[in-house]
Amino acid sequence: MKPLNVSSVTEFQLLGFQNLLEWQTLLFAIFLFIYFLTVTGNVVIITVVSQDQRLRLPMYIFLKHLSFLEICYTFTIVPLLLANLFSHGHVISFSTCMTQLYFFVFFGATECFLLAMMAYDRYLAIYSPLHYSSLMSPEICTKLVAISWLTGVGTGLLPSLMISKLDFCGPNQINHFFCDLPPLMQLSCSSVYITRMVIFILSIAVLCICFFLTLVSYVFIVSTILRIPLGSGRMKTFSTCGSHLAVVTIYYGTMISMYVRPNDHLSPEINKIISVFYTVVTPLLNPIIYSLRNQEFKEAVRKLMRKKCDIYGRKVKGSFFIR
């Protein structure tokens, strides 16, 4: 009978970008700058949407949750990436690795569901504007957001549990910058066939279905936009939706190329580059695409800045007179 918990590996070493040793400092500076912009941009979105009464629409409720999700998502990956670049090979415990894996899958799956809900919301707003308020009320929006988060929680459990039950007898070097599914399965000294098939099917169910629903929503959106007469904001609406679709395609395309494939046909270095897109780049692009191209949101930002400046000015003036 096979003994329980035969794993002899208690920690992993993340190799990260060790083939680019001469570029470590530059990469550290670039990723730190991107991380700062990502967190700052998403915090601004959450703050503005929370404080402006005009932004209590379902679209902005989705956007606020997406921003919070992006902060959590990048916090799961980027700090460890920065530590890896700083120390040239970061060592983490087995439990920490499994925890990072769970939250990565959890937040990644939640983002897929949330992006699909946001595309459906835009489809209703453009395709059926007269019935939009009844079809997408704040209550329905809140339920859809809750479904996205709860489904993400459940999606993250199965892969992380199955990976944690595998045997790891050595070596313990993960040729990646975070604890990802493919490199962990490559390190296992036990059979990973069932684990690989379950993760493959789960990836198809989450990534492909969500991407298909998102794509269908945008197809209907584009077809509706094309029926709008010229000079009625058609080009502006089309440009905005095109930007949304471009970011969504980058996110889903890179994720699908990593997890929905029959075998590991790409080199570890190519995998790292692909992973950078959906772990570092798209969390930065989302606040730019979904908010800075929105005139209503930009006006809310200006209003909040004027309000804060007025409060600060009154405080400074008051302290001057007190003196």
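These questions and answers walk through a predicted model of one protein chain.

Visitor: How many helices and strands are there in the protein chain?

Guide: Start at the N terminus and read along the chain. The order of elements is β-α-α-β-α-α-α-β-α-α-α-α-α. Counted by type, the protein chain has three strands and 10 helices.

Visitor: What percentage of the residues of the protein chain count as buried?

Guide: A residue is buried when its relative accessible area is under 20%. The protein chain has 323 residues to sort this way. The share that count as buried is 48%.

Visitor: Which atoms supply 71% of the area that the protein chain exposes?

Guide: The exposed area comes to about 16,500 Å². Of that area, 71% belongs to two elements, carbon and sulfur.

Visitor: Among contacts between residues at least 6 apart in sequence, what percentage join residues at least 24 apart?

Guide: Take F12 as an example of a residue paired with one far along the chain. F12 and V91 are 79 residues apart in sequence, yet their C-alpha atoms are 5.6 Å apart. F12 also touches V91. Over the protein chain, the share of these contacts that join residues at least 24 apart is 80%.

Visitor: Is F12 buried or exposed?

Guide: F12 sits in strand 1, residues 11-14. Its contacts beyond four places in sequence include H90, I92, F94, F168 and L187. Its relative accessibility is 0%, and the limit is under 20%, so F12 counts as buried.

Visitor: Why does the distance between the end C-alpha atoms of helix 3 agree with its number of residues?

Guide: Helix 3 covers residues 94-127, which is 34 residues. At 1.5 Å a residue, helix 3 should span 50 Å. The distance agrees because the end C-alpha atoms are apart by 49 Å.

Visitor: How many residues of helix 3 are buried?

Guide: Two residues of helix 3 show what burial looks like. Q100 lies in helix 3 and has 7% relative accessibility, so Q100 counts as buried. L115 is also in helix 3, and L115 is buried at 3%. Helix 3 is mostly covered, and of its 34 residues the buried number is 28.

Visitor: Which residues touch L115, leaving out those up to four places away in sequence?

Guide: L115 is buried, so look for the residues around it. F211 is 96 residues away along the chain, and the two C-alpha atoms are separated by 8.7 Å. The residues that touch L115 are L66, T214, V248, Y251, Y252 and Y290.

Visitor: Which residues is Q100 in contact with, leaving aside neighbours within four places in sequence?

Guide: Contact here asks for heavy atoms within 4.5 Å. For Q100 in helix 3, the residues that pass are T76, I77, L80, F178 and C179.

Visitor: Is Y127 buried, partly exposed or exposed?

Guide: Y127 lies in helix 3 too. Y127 touches T224 and R227, not counting residues up to four places away. Its relative accessibility is 42%, between the limits of 20% and 50%, so Y127 counts as partly exposed.

Visitor: Is I194 buried or exposed?

Guide: I194 is found in helix 7. Its C-alpha atom is 9.2 Å from that of M162, which is 32 residues away in sequence. The relative accessible area of I194 is 61%, and the limit is over 50%, so I194 is exposed.

Visitor: What is the volume of the largest cavity?

Guide: The structure holds two cavities of 30 Å³ or more. The largest cavity has a volume of about 190 Å³.

Visitor: Which residues lie closest to the centre of the largest cavity?

Guide: The lining of the largest cavity has 15 residues. Helices 3, 5, 7 and 8 each supply at least two of the lining residues. Closest to the centre are V105, S203, L207, M255 and Y259.

Visitor: How many residues of the lining of the largest cavity are nonpolar?

Guide: Sort the lining by type. No lining residue is charged. Three are polar. The nonpolar residues number 12.

Definitions and conventions:
Residues are numbered from 1 along each chain as its sequence is written. This is a predicted model: local features need pLDDT of at least 70, side-chain atom pairs count only at pLDDT 80 or more; totals for chains, interfaces and linings use all residues. Side-chain values use heavy atoms; hydrogens and water are left out. Helices (H or I, at least four residues) and strands (E, at least two) are DSSP runs, numbered from the N terminus. Buried means under 20% relative accessible area, exposed over 50%, partly exposed in between (1.4 Å probe, protein chains only). Accessible areas come from the Shrake-Rupley method with a 1.4 Å probe; for residues, only the protein chains shown count as cover. The expected span of a helix is 1.5 Å times one less than its number of residues. On a 1 Å grid over the protein atoms alone, a cavity is a set of points where a 1.4 Å probe fits but cannot get out, and a pocket is an open set with protein on both sides within 12 Å along at least five of seven lines; lining residues have an atom within 4 Å of a point. Grid points are joined across faces, edges and corners, and a volume is the space filled by probe spheres set on the points. Ala, Val, Leu, Ile, Met, Phe, Trp, Tyr, Cys and Pro count as nonpolar, Asp, Glu, Lys and Arg as charged, and the others, Gly among them, as polar.
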